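Subject: Structure for your review

Dear colleague,

Please find below the sequence and the structure that I am handing over to you. My notes on what was found follow directly after it.

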Amino acid sequence: MTKFAVLKNVQPQPELVRENIKKDPGFGLYFTDHMAHVRYTLDDGWHAHEVKPYGPLVLDPAAAVFHYAQEIFEGMKVYRHADGSVWTFRPERNAARINKSAERLALPQISEEDFIESIKALVALDQQWVPTPESETDESSMYLRPFMIATERFLGVRSSHEVDYYVIASPAGPYFSGGIKPVSIWLSQNFNRAGSGGTGFAKCGGNYAGSLAAQNEAAAQGCQQVLFTDAAENKYIDELGGMNLMLVTKDGRLLTPELGDSILDGVTRRSLLDLAPQLGLEPEERKVTVDEWREGAANGDIVEAFACGTAAVVTPIGRVVGSDFTIDHGDEPGEKTMEFRKTLLDIQYGRAEDTNNWMVRL
Ligand code: COI
């Protein structure tokens, strides 16, 4: 028995509208008919669990989130399998991560049970919004965005005594438009994303706000994403504006920057490292310099590069553009990149056996 009270939307979007949206949803543009909500106060803890019609929030202009950015979020997806059932991927990892983020942003812990129940309760009402993939390369899904915001009306700088947690859902196609074409990456020159002791490992809005000026520079250079290096030496690869990064070496390694306090512990990142041996690659997490990538790509030691994340799935990287150099991985997606992509999507869409028990039926 769920503790989420259900208040059904009596004016859901018409079926025709919904079905049209699902045919070509883009990313992050359309939202379903309901949202999950749980309220927190210092005195009562988490309470008032509910699913209610999707709609604007009424917040006091003095709410802490507007002033001090006390906010965190998650990104997850719901996949429709061939028999019509709907599933999500490793939700316990998102539950653990939201709590790591909450700890860093001085927000309250939410139980794994409440987190997963909030998703189940929302998807139970809005599962008609989950697209059916049309082919094995189709990555249509319903993206879930759980988030927590500080809502106390108070301008003093301390952690908020009132917090609201929501989950919204959005039918989604690929994050990058233009098919599975390699993307171009701009190496940030003027900005860093995260420093030692900062919030880089947390999934908080502030990290993304801080990436936007660099992302705009990337766009001005004709690139789709920005790559950040470490703040101390500007030497080591950290992550992209909104996703992790992986390299494939000629001698059979899947290389990615090691986690630290500046890198997000991506669920897709972790899963690809777990799958690497099955694809004949040895996973390797360590510090990687831009120079190593540059030289490795030039002499043939680093043969492929890709971005990975819930939204990005596995997206090949074709070029990295620096102020005075370019790393070129070509115009075609790499072979291992495509193998990773297929292996992951096959598990997520139920086309391959889920030997790791990663999938959870909703
Ligand atoms: C995700 O991959 O789920 C994210 O949160 C990244 C965001 C830039 C869309």
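Apart from its neighbours within four places in sequence, Lys 203 is in contact with Ile 72, Phe 73, Glu 74, Arg 97, Ser 101 and Leu 264. Please bear in mind throughout that this is a predicted model. Lys 203 is found in the loop between strand S9 (183-187) and helix H5 (205-220). Lys 203 counts as buried because it has 25 C-beta neighbours inside 10 Å, the cut-off for burial being 20 or more. Lys 203 is also the position that UniProt lists, in an unreviewed entry, for "modified residue: N6-(pyridoxal phosphate)lysine". That assignment comes from the record, and such annotations may be inferred rather than shown by experiment.

Overall architecture

The protein has eight helices and 18 strands. The C-alpha trace spans about 60 × 50 × 35 Å along its principal axes. For a chain of 362 residues, a compact globule would have a radius of gyration near 21 Å, and the value for the protein, 21 Å, agrees with this. Of the 362 residues, 42% count as buried. Considering the contacts with a separation of 6 or more, 72% are accounted for by residues 24 or more positions apart.

Helix H6 and its surroundings

Helix H6 (residues 267-275) packs against helix H8 (residues 335-348) at an angle of about 105°, and the two axes are 11 Å apart. The two helices are therefore roughly perpendicular to each other. On the H6 side, the contact is made by Ser 271, Leu 272 and Leu 275; on the H8 side, Phe 340, Thr 343 and Leu 344 take part. By character, the residues of this contact divide into four nonpolar, two polar and no charged.

Which residues of H6 are buried? They are Val 267, Thr 268, Arg 269, Ser 271 and Leu 272. Ser 271 and Leu 272 thus appear both in this buried set and in the contact with H8. What covers the buried residues of H6 includes H8 itself, together with helix H3 (91-104) and strands S12 (244-249), S13 (253-257) and S15 (302-309).

Strand S15 contains Val 303. With 18 C-beta neighbours inside 10 Å, Val 303 counts as partly exposed. Not counting residues up to four places away in sequence, Val 303 touches Val 248, Thr 249, Lys 250 and Gly 334.

The region around Thr 315 and Pro 333

Several C-alpha separations may help you to find your way in this part of the model. Val 303 and Thr 315 are twelve residues apart in sequence, and their C-alpha atoms are 15 Å apart in space. Lys 181 and Thr 315, by contrast, are 134 residues apart in sequence, with a C-alpha to C-alpha distance of 7.7 Å. Lys 181 is found in the loop between strand S8 (162-172) and S9, and its 15 C-beta neighbours inside 10 Å make it partly exposed.

Pro 333 lies in the loop between strand S17 (326-328) and H8. Is Pro 333 buried or exposed? With 21 other C-beta atoms within 10 Å, Pro 333 is buried. Leaving aside neighbours within four places in sequence, its contacts are Ile 180, Pro 182, Pro 316 and Met 338. The C-alpha atoms of Pro 333 and Pro 316 are separated by 5.4 Å, although the two residues are 17 apart along the chain.

Two backbone points to inspect

Where do positive phi values occur in a residue other than glycine? One such residue is Ala 48, with phi near 55°. Ala 48 has its place in strand S3 (residues 45-53), and with 14 C-beta neighbours inside 10 Å it counts as partly exposed. Another is Ala 69, whose phi is also near 55°. Ala 69 lies in the loop between helix H2 (64-68) and strand S4 (71-73). With 17 C-beta neighbours inside 10 Å, Ala 69 counts as partly exposed.

With kind regards

How values were computed: Residues numbered from 1 in each chain as written. Predicted model: local features only at pLDDT ≥ 70, side-chain atom pairs only at ≥ 80, totals over all residues. Helix = DSSP H or I, 4+ residues; strand = E, 2+ residues; numbered from the N terminus. Buried ≥ 20, exposed ≤ 12 C-beta atoms within 10 Å, placed from the backbone. Contact = placed C-beta atoms within 7 Å. Axes fitted to C-alpha atoms, helices over the stretch in contact; angles between N-to-C directions. Parallel < 35°, antiparallel > 145°, perpendicular 65-115°, else oblique. Nonpolar A, V, L, I, M, F, W, Y, C, P; charged D, E, K, R; others polar. Rg over C-alpha atoms; globule rule 2.2 N^0.38 Å.
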